[in-house]
6 protein chains.
Amino acid sequence: MRPSNRAPDELRPITLERGVARYAEGSCLVSFGNTKVLCTASLEEKGPPWLRGTGRGWVTAEYSMLPRATHERTRREVNSGKPSGRTQEIQRLIGRSLRAVVNLPAIGERQIVLDCDVIQADGGTRTASITGAWVALHECFAWMQNRSIISINPLREPVAAISCGIYQGQPVLDLDYAEDSAAETDANFVITGSGGIVEVQGTAEGKPFSEDEFLSLLRLAKEGVAQLVELQKKAVA
Amino acid sequence: MRPSNRAPDELRPITLERGVARYAEGSCLVSFGNTKVLCTASLEEKGPPWLRGTGRGWVTAEYSMLPRATHERTRREVNSGKPSGRTQEIQRLIGRSLRAVVNLPAIGERQIVLDCDVIQADGGTRTASITGAWVALHECFAWMQNRSIISINPLREPVAAISCGIYQGQPVLDLDYAEDSAAETDANFVITGSGGIVEVQGTAEGKPFSEDEFLSLLRLAKEGVAQLVELQKKAVA
Amino acid sequence: MRPSNRAPDELRPITLERGVARYAEGSCLVSFGNTKVLCTASLEEKGPPWLRGTGRGWVTAEYSMLPRATHERTRREVNSGKPSGRTQEIQRLIGRSLRAVVNLPAIGERQIVLDCDVIQADGGTRTASITGAWVALHECFAWMQNRSIISINPLREPVAAISCGIYQGQPVLDLDYAEDSAAETDANFVITGSGGIVEVQGTAEGKPFSEDEFLSLLRLAKEGVAQLVELQKKAVA
Amino acid sequence: MRPSNRAPDELRPITLERGVARYAEGSCLVSFGNTKVLCTASLEEKGPPWLRGTGRGWVTAEYSMLPRATHERTRREVNSGKPSGRTQEIQRLIGRSLRAVVNLPAIGERQIVLDCDVIQADGGTRTASITGAWVALHECFAWMQNRSIISINPLREPVAAISCGIYQGQPVLDLDYAEDSAAETDANFVITGSGGIVEVQGTAEGKPFSEDEFLSLLRLAKEGVAQLVELQKKAVA
Amino acid sequence: MRPSNRAPDELRPITLERGVARYAEGSCLVSFGNTKVLCTASLEEKGPPWLRGTGRGWVTAEYSMLPRATHERTRREVNSGKPSGRTQEIQRLIGRSLRAVVNLPAIGERQIVLDCDVIQADGGTRTASITGAWVALHECFAWMQNRSIISINPLREPVAAISCGIYQGQPVLDLDYAEDSAAETDANFVITGSGGIVEVQGTAEGKPFSEDEFLSLLRLAKEGVAQLVELQKKAVA
Amino acid sequence: MRPSNRAPDELRPITLERGVARYAEGSCLVSFGNTKVLCTASLEEKGPPWLRGTGRGWVTAEYSMLPRATHERTRREVNSGKPSGRTQEIQRLIGRSLRAVVNLPAIGERQIVLDCDVIQADGGTRTASITGAWVALHECFAWMQNRSIISINPLREPVAAISCGIYQGQPVLDLDYAEDSAAETDANFVITGSGGIVEVQGTAEGKPFSEDEFLSLLRLAKEGVAQLVELQKKAVA
């Protein structure tokens, strides 16, 4: 029995609200249950120096949590001189995941920065970030097409992400914080609209897991992502 | 004529929404027009070391802007090792302003951290932060009273803040970004519910100002704060 | 009764000694009683990058205290990676105050750096810094005129600063450390030679203050600055 | 055809040389072909503060590359104030992987620090580090048993790691640098002596991969780890 | 011919002015010609943690230059997070040199911090610092004896320092900046009142030097230090 | 009697192994007894910006210790934002010492970086680094000559370094850790193949030393360096 009474393959209520940030080229407030992330996409005409002369663009991501997104207040990272290892790991994952479905040369020598700021955290913030960032990025590209900055849409297809885990011996979809902190195995999957796998990360928190257990998580994730992709398509329609 | 067509002594639409952060002891989403700040109050049983043995508590504040709160994306401060001078100046101002109306010994040896995170910035973020933080702090103290952590309410009275300025030769109340960036003189006032002045900061952006000009700003501020205090009282009722 | 036995409107002994730093283009050792600040003005032919192409110059300031300027030794800021919030607040105030009386296009695309290093601190270090920096800046501009680097003097008029406060219920001028640490209200005023107000900062340390109290401080400050401006004029004559 | 002419399921020459660091409680110089990592295990009687009172120990890891381990010299991280995101990601992976096979209460309230310093880098440094660190940790525990610091061996079983990837359309085992930089998909596997999976990380560098492709990599990894575990057992015999 | 027209074995005019810092337990403004250093000695009842339980005290030093002590303005080190290598090298030298003549157990478990802040720099700032710091330290110990904090004077004997160099083929004493920047060999000597050598640092700036050349520098230094020690004794009399 | 039973003028067993780093242009693993340092020389076509237009090259050095090179594990410097004072002092010494024998214009506008990473530390790591770095640099220049990047060998002559000290009243050569930590006086000498002195650093750890004592150390050093230079010549033959 899951703490939230959900079925093993049941997502939390998902919402994807587009256009929430007045000044950003693209934005999306994504909720996976009580997890809420504000994703914005910012067009920067001047990308990083190593982009110059390559004829293609770049998509990068930054991730942060508001100090009181969590049950206990978390210290701001501003005083430590660099994002924590966890933060850097997450922002690199978000960037890689979105770039996997973007036609970079179609952007031209520009950079899109995806900012994922967690307003409230109840597990799954990185997967919610990827899912919402795709919507913000889509809105940003539409904005650029409307202004004839680009001619074709650089997005090849949707991409979304979900966590799965083995909780009390049972594979379950979309872990909330209560499950996440007690799961024996915890895995994140980033999967495209056409079912291709972009990233797989599985970690045994307690005892090692078997190939069969891992495959049952992968199957749950594929079903979950298929639902997320439907919601993404509605959000940008 | 103001860019927003407001009368010289007219505030922007103000909202103070309490209880928006599920996990915080107190919270308030404050809007001054398009400026939106999420204020949370976090109770920390263990305050800073210098508090020990003093028999009184402390209220401190931290302030930050989401990178895309602004028209142009702002770089995160996380990579610079310390908040910028502007950020530190603002967070010290917020802390000082709220402490001015708190009976610190009534809190006991605890600390309340007020986090003011700017979701959207259209001028006046520091004054909106002070005004919203008071509501979050009030909710936090109520939470503590409900759990018998404190017996009396440590808040002596409301405190709110507003900016004024001389824009195209005319004193005006509650500058938005368009006015703020063009004003000849810019002043912030922090004033209590009973009309006492807690903080005054006036700066000539262009040519120096006269005593009379300064007094006309102070009078606008007093009227504006009186309206803000009425809204604070409704928000916590 | 003031600890120093001064009358409420009496300044401490003020000295402004020009030309004390052999290698600087301009310099002034300023004393407000036991507060001593060494101010130097350094001409940098190459200003900050954002100045290029603007056709105007810039004046900026840096502020620091020697570790044993104070009664108790203060730790050097060098190990903390950035000046403290207080230091940054002060150096931005000094820069803003001096720029208010400088004709920036008359400097050309150059930068003047004003270094204010507190040798001994007995209250009022930021106001002494502003007052002394004006003398150093004047000497620097004279040096530049002598070498035909600039043709007209970019200084429009003098600017000086003084602190006032309410000490034991009475408004007093030019707080020393003993008064400063016990004052109920503390305010700094930056005022030009012609009486224009450049900056006003008033803070209630204990209970909030009234409009009348604030006006009595402003009047004291105007008288004090008038005396400082006379001394500045003598120092540069 | 692999650049090294190896068969798809062929490891590079592997060596595990124990006892190479005179002063460390445990050490191992591990080579996967031209990749060489010096692993040391250091016993610290005083672990991190949060360990106190828990009755159990901790195993942590640090990872670094000598500047000229690589084809082009890499800048030292010492000037940047914190290890890079990549470094932190790797050292957290090493620590997690080793802790998965350690009985932490059997260590007592002590910490073992595993230092993995890459002397020469030709791909697979993180998997070589995990494999060598297990040998160093084994030697450290033997040292502690010899001195009666601990009574039972806290190591439950071996753990080793290997990378696999899809190179020119074919799944291959143990990527060297030439393959790693050209692979379409890149995955790291951490697997125990009894075949349990501790960590799985798969990333599509170019186009997304399918479930079948991923499974073929997992099967290669299992075979590779089985060979590594045999070598580990010989090294500590 | 030396740029200053001094004889090869002639010191610059030396002054040692005691008691210049009102709040410090000991202080000395030392001048070697145009080089001026303000040295203060601060008693800290609470030394570094590793001192506790040792029954002895510690003397440490910090060194810094005002930004416009030099011909060209030098950037403050505050923004770089740590003193430069040169600064650290100098402050460790000053500390070591003074500790060589202090009876540390006679101080008790306290720390004296020697701050050497260069007001004006014309070569030889580190040797001037050591020479002046001894006077400040002497004054500090006298202050402690007057208050019966210590019973015997912990200073065993004077210590002073001087630079020598080979300038245009000739060994000369007490290099100023013009000589220092052109010398072929540059050496600093720290020598006690009784002629014992505490520290020797010789560096070939151009071609290597011979044993004979080095000995001629050492002899000049001994004569120079003997004169400095006489001036120190007068200063503290 | 020395702890190692060596004669007072006896070096530890010295080895200089060339070509140990596969990817570096030059490398040398140097051992002075149990002290082992891996030295690499890296050619950088693009030197520091201040080199541009000077027509000459530069040689610089970086130094670090592996955390478990020492008897007790040493914390990595990566978290402190800058190398320690000791590290910076050593790397500046290594760079200066090697530049003393290099004809910088013969390199062209290029930079050679010498990395000296201490694998195991038993005293004398800086002198071993200088001695080994010369061999690595020699190999790097040969590599450049083979590729016709330079036409003449920029090395004028060998340079090597050795420590000496007064241990239990007796001058001894090549201190190991046991002697170094107990020596009354400790000195490092950098001397060229033709006997010229490049650098002399002598420090009294306990009581000051005399001129005669210092001269006896210098003579030991000259003999020791002569032996090291013979070994260097063999290593590069």
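Across the interface of chain A and chain B, 18 residue pairs are in polar contact, with both partners at pLDDT 80 or more. The model is a predicted one, and every value given here is computed from its atoms. Strand E3 (35-44), strand E4 (58-65) and strand E5 (111-120) of chain A each contribute at least two residues to the side of chain A that touches chain B. Sorted by class, that side of chain A holds 17 nonpolar, ten polar and twelve charged residues.

The charged residues lead to the matter of salt bridges. Twelve salt bridges are found across the interface of chain A and chain B. One of them joins Arg73(A) to Glu62(B), with the closest N and O atoms 3.1 Å apart. In terms of residues, 39 of chain A are in contact with 38 of chain B. The size of an interface is often expressed as the accessible area lost when the parts come together. For chain A and chain B, the buried area is about 2800 Å², and carbon and sulfur atoms give 49% of it.

How are the two chains related in space? A turn of 180° with a shift of 0.0 Å along the axis lays chain A on chain B with an RMSD of 0.0 Å. This is the relation of a two-fold axis. Of the interface residues of chain A, 97% are also interface residues in chain B, so the copies meet through the same surface.

Chain B has a further interface, with chain C. Here 29 residues of chain C are in contact with 29 residues of chain B. Together the two chains bury about 2500 Å², 50% of it on carbon and sulfur atoms. Lys82(C), Ile197(C) and Glu211(C) supply 23% of the area that chain C buries against chain B, more than any other three residues.

The polar side of this second interface can be described in the same terms. Six salt bridges are counted between chain C and chain B. Among them is the pair of Arg219(C) and Glu211(B), whose closest N and O atoms are 2.8 Å apart. Polar contacts link 16 residue pairs across the interface of chain C and chain B, both residues being at pLDDT 80 or more. Helix H1 (85-99), strand E9 (197-204) and helix H4 (211-236) of chain C each supply at least two residues of the side that touches chain B. Of the elements of chain C, E9(C) gives the most to that side, with eight residues. By class, the side of chain C that touches chain B has ten nonpolar, ten polar and nine charged residues.

Strand E9 also has a partner across the interface. Strand E9 (residues 197-204) of chain B pairs with E9(C) in the antiparallel sense, over five bridges. Within this pairing, Gln201(B) stands opposite Gln201(C). What relation holds between chain C and chain B as whole copies? Chain C can be laid on chain B by a turn of 180° and a shift of 0.0 Å along the axis, with an RMSD of 0.0 Å. Gln201(C) is the residue of chain C that comes closest to the rotation axis, its C-alpha lying at 2.3 Å. All of the interface residues of chain C, 100%, are also interface residues in chain B, so these copies too meet through the same surface.

Some pairs of chains are not joined. Chain A and chain C share no contact, and their closest C-alpha atoms lie 9 Å apart. Chain A and chain F likewise do not touch, with their nearest C-alpha atoms 9 Å apart.

Salt bridges can finally be followed over the structure as a whole. A search over all chains finds 114 of them. One lies within chain A, where the side chains of Arg12(A) and Asp174(A) meet at 3.1 Å, N to O. Arg12(A) is in the segment before strand E1 (14-18) and Asp174(A) in the loop between strand E7 (170-173) and helix H3 (177-180) of chain A, so the pair ties together parts that are 162 residues apart in sequence.

Terms used: Residues are numbered from 1 along each chain as its sequence is written. Chains are lettered from A and ligands numbered from 1 in the order in which they are written. This is a predicted model: local features need pLDDT of at least 70, side-chain atom pairs count only at pLDDT 80 or more; totals for chains, interfaces and linings use all residues. Side-chain values use heavy atoms; hydrogens and water are left out. Contact means heavy atoms within 4.5 Å. Buried area is the accessible area (1.4 Å probe) that two parts lose on being put together, summed over both. A salt bridge is a side-chain nitrogen of Lys or Arg within 4 Å of a carboxyl oxygen of Asp or Glu. A polar contact is a pair of N or O atoms within 3.5 Å; within protein, one must be able to donate a hydrogen and the other to accept it, and residues adjacent in sequence count only if both atoms are side-chain atoms. Helices (H or I, at least four residues) and strands (E, at least two) are DSSP runs, numbered from the N terminus. Ala, Val, Leu, Ile, Met, Phe, Trp, Tyr, Cys and Pro count as nonpolar, Asp, Glu, Lys and Arg as charged, and the others, Gly among them, as polar. Two strands pair if DSSP finds at least two bridges between them. Copies are superposed by least squares on the C-alpha atoms of residues with pLDDT of at least 70 in both.
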